[in-house]
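Here is a guided walk through one protein model, taken a region at a time. Keep the viewer open and follow along.

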Amino acid sequence: MQDRAEELALEIRRGRQSGDVVRTTLRVDDRVLARVTDGIYRRPSSAFRELISNSYDADATEVILQTDAPRFERIVVRDNGLGMSPEVLADLVTHIGGSSKRTAKGKRLGTANPSDPTLSPGGRRLIGKIGIGLFSVAQLTQHFQVITKRRGDDFRTSAVVILKTHTEEMLAAASDKHAFETGTVTITSEPATDIETQGTEIVLMEITPQARELLQGLDRWTFLDRAEAGDVDGAPPMPPSYHIGRVARDDADVYLEQPRLPWDVSDAPSARFRKLYAAVRQEVRTRKATPNIEESLDHYLGMIWLLSLAVPVPYIDRHPFELTAGDGIGFYSLTSRSAEPVELTGTETIGQRLGLTSTVDPVGLFRVLLDDVELLRPISFDRDLHGTSEIGRPLMFFGKVTSGLGAVPPDIGGGALSFEAYLYWNQKITPKENNGCLVRVNNASGVLFDPSFLGYQVSELTRLRQLMSEVFITEGLDAALNIDRESFNYSHPHYQYLQKWVHFAVRQTTNRLKQLNKELLETRRAAAAGHRVSHLENLVERVWRDRKGLDAEPPPEVRLAPGGQALLADRERGILVFNADTLEAEAAARDSTVENTQLEALVKVLSAWGLLENLSWEEQQSLVADIAAVFGARP
């Protein structure tokens, strides 16, 4: 590369005298590979996501990921995919960033479909594209082993890889490309008698201390220690409701706090995940109105949740396109002008009615087990309305788009783009992380739900918090994904087209909700004609209307009730319920008196201003009690 640069410089100088045009090709410096193998992902779980995606691209139907949690000294990822031939393995280690997928070389090596290089040999749309997924393990270790075998081979191949870390000083001192070795590989082969087996196993050894501490969540426990000692300002944080235990920094065999898991040891892998999902959903009863993963789960269990969102595993219940009329949800089709109702008959699914095909996997079921927990997409579509809206049931809006970008020159339009999508409305989206828009490219995602819905600018904060949406890209958008697969290039034509469509879909959805609320409001007013409304009720209604808009749903139901199971059940239904016994006791202790109707009005006003949304139930209770004490205190 150095010689070519010198030659080009001479050509440029000669061209200055002769007027000749100098032409050449762009080249990538080897230091780019040095940075790739140093690690380009944000969190350790990204490495697991990329390895699972590689297994999916290899037509695996099962991936088993085993750690020795909470030690995290050794991690194994094993699949039953096609495995790698010596030619594929050689191409992998000598062409980092030069994936054979999606290329003619992939057809020759057998990593792509013979008739379409964008597909796996079995017909899946490929997730990987540039050949750095395996080296995502640099987030965890510099030392790993790849053991692989193809069906029909009488041998298996092992490659031990030791990556080289590059500091800024090393890169600055390097004088030629040979200084940018990204690591060493030792490859051996051994006889195999299991001729018909196939698959790949990746063994991560010598996990770095930094990665182990992240996986163990030790920083969070340290912060809790500081809070308990009074070294943190504000209210002390709550420990995670569920965790794998707290271990000593210098000895992971010593538990400082015993594990608290939502499942039993005897539970089957799928039952374990279902109990994890149920535990998070049940946090709405005891922790806060809208629980979130970060508070409810430690880093390890949160990683299980995030991986379940990202990789192409089955839904915990059903795919959204498999819902039927029996699910009790209102269905709408997003047309170019409005959201039109869809009535299903019998066992007909919404996918069948609208021709939605994102549910199809040509290879079959894809299962992922992490430490005996089967990953399932933690997304379900409740038939019950988690709130007191008079609409009465959740609503879903569906769209299918084939853009015209395929007819535009690729350097302008970026190529063909098509996708299918839904928007699900409920008064409460649980957990909080499921609120927003999640984009899946070829059935996988490196990004999480975006609560802004790709930068939707119209002030619809309340309704945006009541929406969950997934977009299933069936063609295109790959080029708009940044190299870490965790963000997008916002200027790419595909992203801009998708962004405009999502904004259109949100606008159509919110317009339909406004229309429904307006109709209900008129009905309610007609029924209440002649009914005497108190001054306090008028005041609350005016505040709610000023903050939420004329066509907003009515204020939430507020109830003061004794403690117990009834209180917990009301919270789950979306009612703002407060422990009347506790409020009365605090009022008596402070020698203050406030009528219940005033307290209920106060809660509605606080809710109108959005001041209760991020508070725990205990914090809401304390806030209402404190305000009541101020206004109810005797002068």
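The paragraphs below visit a sheet, a helix, the nonpolar cores and a crossover.

This is a predicted model, in which local features need pLDDT of at least 70, side-chain atom pairs count only at pLDDT 80 or more, and totals for chains, interfaces and linings use all residues. Residues are numbered from 1 along each chain as its sequence is written, and side-chain values use heavy atoms, with hydrogens and water left out.

Let's begin with the sheet. Helices (H or I, at least four residues) and strands (E, at least two) are DSSP runs numbered from the N terminus, and two strands pair if DSSP finds at least two bridges between them. Six strands make up an open, mixed sheet, ordered β10-β9-β13-β14-β16-β15. At its edges are β10 (339-342) and β15 (436-441), each of which pairs on one side only. On average, neighbouring strands here are turned by 20° against each other, direction ignored; the axes are lines fitted to C-alpha atoms, and angles run from 0 to 180 degrees between N-to-C directions. At the β10 end, four bridges link that strand to β9 (residues 330-334) in the antiparallel sense, and Ser333 stands opposite Glu340 in β10.

Now turn to helix α7 (residues 209-216), whose buried residues (under 20% relative accessible area, 1.4 Å probe, protein chains only) are Ala211, Leu215 and Gln216. Viewed down the axis of α7, they fall within an arc of 130°, so they line one face of the helix; the arc is that of the directions from the helix axis to the C-beta atoms. Their cover includes α3 (44-57), β2 (75-79), α8 (218-228) and α11 (299-310). Just after α7 comes Gly217, with a positive phi of about 70°.

Next, the interior. A nonpolar core is a set of buried Ala, Val, Leu, Ile, Met, Phe, Trp, Tyr and Cys residues joined through side-chain atoms within 4.5 Å. The largest one has 79 residues, and Phe144 and Tyr422 touch the most other members. Helix α11 supplies the largest share of this core, seven residues. Apart from it lies another core, of 38 residues, including Tyr456 and Val506.

Finally, find strands β17 (residues 558-561) and β18 (residues 576-579), which run parallel and are joined by four bridges. Ala561 has Asn579 in β18 as its bridge partner. Between the two strands the chain passes through helix α17 (residues 565-572), in a right-handed β-α-β crossover: with the strands pointing away from the viewer, the path from the first strand over the helix to the second runs clockwise.

Conventions. Buried < 20%, exposed > 50% of the residue type's maximum accessible area, 1.4 Å probe, protein only. Contact = heavy atoms within 4.5 Å.
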